[in-house]
Structure formats: C-alpha cells, structure tokens
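Thank you for making room for this on the agenda. I would like to take you through one structure, starting with charged pairs and ending with the backbone.

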Amino acid sequence: MDDNITLNVHRFEAFCQAIIDAGLNQVDYILQGMTSALANHGDRLAPVMRRAGFRYVFLGIENILEEDLKFLRASSKNQERQNGRSVGNASIRAIEYLHQNGIYVVGGLIVGNPDDTRESILTNLEFAKKYIDWPYIQHPTPYPGTPMTLDFRARNLIINEALEEYDGTTAVVKTEHLSAQEIEFLRWQSERWIKTRHFPTALWHSPGFVLRHGHKMLAHTFRGSSWRSVLGLETSRQVYERYQAFRKAERNYLPLEVPSQDAAGIPRDSSCQPVRKTA
C-alpha cells in the first residue's frame, strides 16, 4: 500500500522490473499513481508496468478545470511539465500512455466545487465518459476541521450537517449556481452509464464471476430503475428520486438477522416490520 508509489519514478520502475524478474507478474495489480508522474514519464513507465501485471491505475484527476484544481489544492500533482515548466493538465497524456499499453484507468473526479456551474460539471462528466474506464466521482465534503469546511461555511454553501451522510457520493454542499440536489443528480445520471460500458471488459477477464454475479452488479448500478423506466414510461428524475429513497431507508434501517426484503429493498423481519437500526 503506497499512495505515492510513482513519486520516485526510478524506484517504481525498478520495482516493476523486480516483479517481472521474480515471476510475480501473473497477478493483477491495482495502483494509485500521480497523473503528473505518469504524464511526464509514462512513455517508459507504462510498458514496464503492463509487463509487471498492473491492470488498473487509479488517478486522482480531481477536476480538469484549473480553477477547481486550485480550490482542491491539487494543481501540482496534475501538472504536465516540459523543461521544468508547467504546460497544462497532465490527465489526458497520462491516460493515453496507460491506454496505449492496455492498462485501464479508474478516474477520481470531484464535482460541485463552490463556483461550479452546470456547464463546468458537465465538462468534467464528458471528460470521464471519453477517457475514463471506471469512474470514481465524488462531491466535495466539508469534513469538520478542514480548510475546505471553512471556505464553504464562509460562503454559506453547506446545506447538510448530518455527518452520517458525509460519504462522498451524497452532495452536502451547493455551489454559487446549482443546488446540491442538482449536482448529485448530474453525477448519478452520468456515472452509472460509464460503469456499464466497462461491463464487457469485466466479463472477458472474469467470465465465471460476472456470469454468477452480473445481475447483482447491474441491479446495484441501476438501483431505482423499474420496468416502467426501462420502457421509457418514467423519467430519469423519477428513477433518481426512488434511488435516493433507497439510500435514505438504508441509513435508517439495518438488518439484525438475515431478513427478507420488500419491493423497495428495505429489510423486514418475519412480521413484515422494518428492522430498525440500533446503537
């Protein structure tokens, strides 16, 4: 476990070669790397990574807009450099090196920053759709005691103080232009289809697992959908509202045994009463 394993490029390259030399490259590895390191050195790193067995790389892209990167304090790790000078966002170059060598990208993005508009959020989501194999898209979360919280509070943008909902995928802050509900809807609407696009890749790599669990994977990805929505008789907004109702129910109820579930997915005991979560 090393969140910054690409920080020392020469060490990481030697590490990959050591995996190959030891014959341990038949294992599928997942790596978290810095976009700047992979953009600046990916031409030589990506091939040896693939030979070493690295299959997925998580990139903390955060955002592709410079102003948002400044707010997230993530500019330095996402800068592409030439001759010691920054020449722009490193994300696309890093992703291209990885894709050219058959490595898939798990892309971490954060949408819903204080000055985000609908257009800026959609720009990031379109980027994810075009370049990322598996999305890991979250919302900025004002955890107590962090500088981000002070910024959001000073601008009166925090709309939810319930810490149990500070899970990264629940929008608990609004922007100067959009409500938290709209931000979360835009992410949810886009993210599930990006995930579905990667389904054939998973099937090809692990056919037995996907054939056994594929229906559960799709059911989880499209929670809230129904036959009416599949037939176009319900809007995405209606599906999203049902999805949110499921999540709210889960926060209030937790199975104490192994109860059956009703049509909404809420656990119920033998008397058909909801099983309430206890301390």
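What follows covers salt bridges, one helix, a pocket and two backbone angles.

Please keep in mind throughout that this is a predicted model, and that the values I quote are computed from it.

Let me begin with the charged side chains. As a general point, side chains of opposite charge can pair when their charged atoms come close. In this model the count of salt bridges comes to 13, and I will pick out a few of them.

One joins the side chains of R155 and D115, with 2.6 Å from N to O. This pair links distant parts of the chain, since R155 sits in the loop between α6 (147-154) and α7 (180-197), while D115 belongs to the loop between β5 (104-110) and α5 (118-131), 40 residues apart. As for accessibility, R155 counts as partly exposed because its relative accessibility is 28%, which lies between the limits of 20% and 50%. D115 also counts as partly exposed, at 46%.

A salt bridge between R237 and E182 has its closest N and O atoms 2.9 Å apart. Here too distant parts of the chain are linked, with R237 in helix α11 (residues 236-252) and E182 in helix α7, 55 residues apart. Which of these two partners is buried, and which is partly exposed? E182 is buried, with a relative accessible area of 11%, whereas R237 is partly exposed, at 36%.

The side chains of E234 and R242 also meet in a salt bridge, at 2.8 Å from N to O. E234 counts as buried, with 16% relative accessibility, and R242 is partly exposed, with a relative accessible area of 25%. In addition, salt bridges that share partners join D167, E184, R247 and R251 into one network.

That brings me to helix α11 itself. The helix has 17 residues and reaches 25 Å from its first C-alpha to its last, which is close to the 24 Å expected at 1.5 Å a residue. Its buried residues are V239, Y240, Y243, F246, R247 and A249, so that R247, which I named a moment ago as a member of the salt-bridge network, is on the buried list as well. And what covers these buried residues of α11? The cover includes α7 and α10 (227-230).

Helices α7 and α11 come up again in the largest pocket, where about 770 Å³ of space lies. Of the 29 residues that line this pocket, the closest to its centre are W134, K195, M217, H220 and T221. At least two lining residues come from each of β2 (54-62), β6 (134-138), α7, α8 (199-205), α9 (207-221) and α11. Taken by class, the lining holds 14 nonpolar, seven polar and eight charged residues.

Finally, a word on the backbone. Most residues other than glycine have a negative phi, and most peptide bonds are trans. Against that background, E62 has a positive phi near 70°; this residue is found in strand β2 and counts as buried, at 16% relative accessibility. N156 likewise has a positive phi, near 55°, but its place is in the loop between α6 and α7, and N156 is exposed, with a relative accessible area of 59%.

Notes:
Residues numbered from 1 in each chain as written. Predicted model: local features only at pLDDT ≥ 70, side-chain atom pairs only at ≥ 80, totals over all residues. Heavy atoms only, no water. Salt bridge = Lys/Arg side-chain N within 4 Å of Asp/Glu carboxyl O. Helix = DSSP H or I, 4+ residues; strand = E, 2+ residues; numbered from the N terminus. Buried < 20%, exposed > 50% of the residue type's maximum accessible area, 1.4 Å probe, protein only. Expected span 1.5 Å × (residues − 1). Contact = heavy atoms within 4.5 Å. 1 Å grid on protein atoms, 1.4 Å probe; cavity = no way out; pocket = protein on both sides within 12 Å on 5 of 7 lines; lining within 4 Å. Points joined across faces, edges and corners; volume = space filled by probe spheres on them. Nonpolar A, V, L, I, M, F, W, Y, C, P; charged D, E, K, R; others polar.
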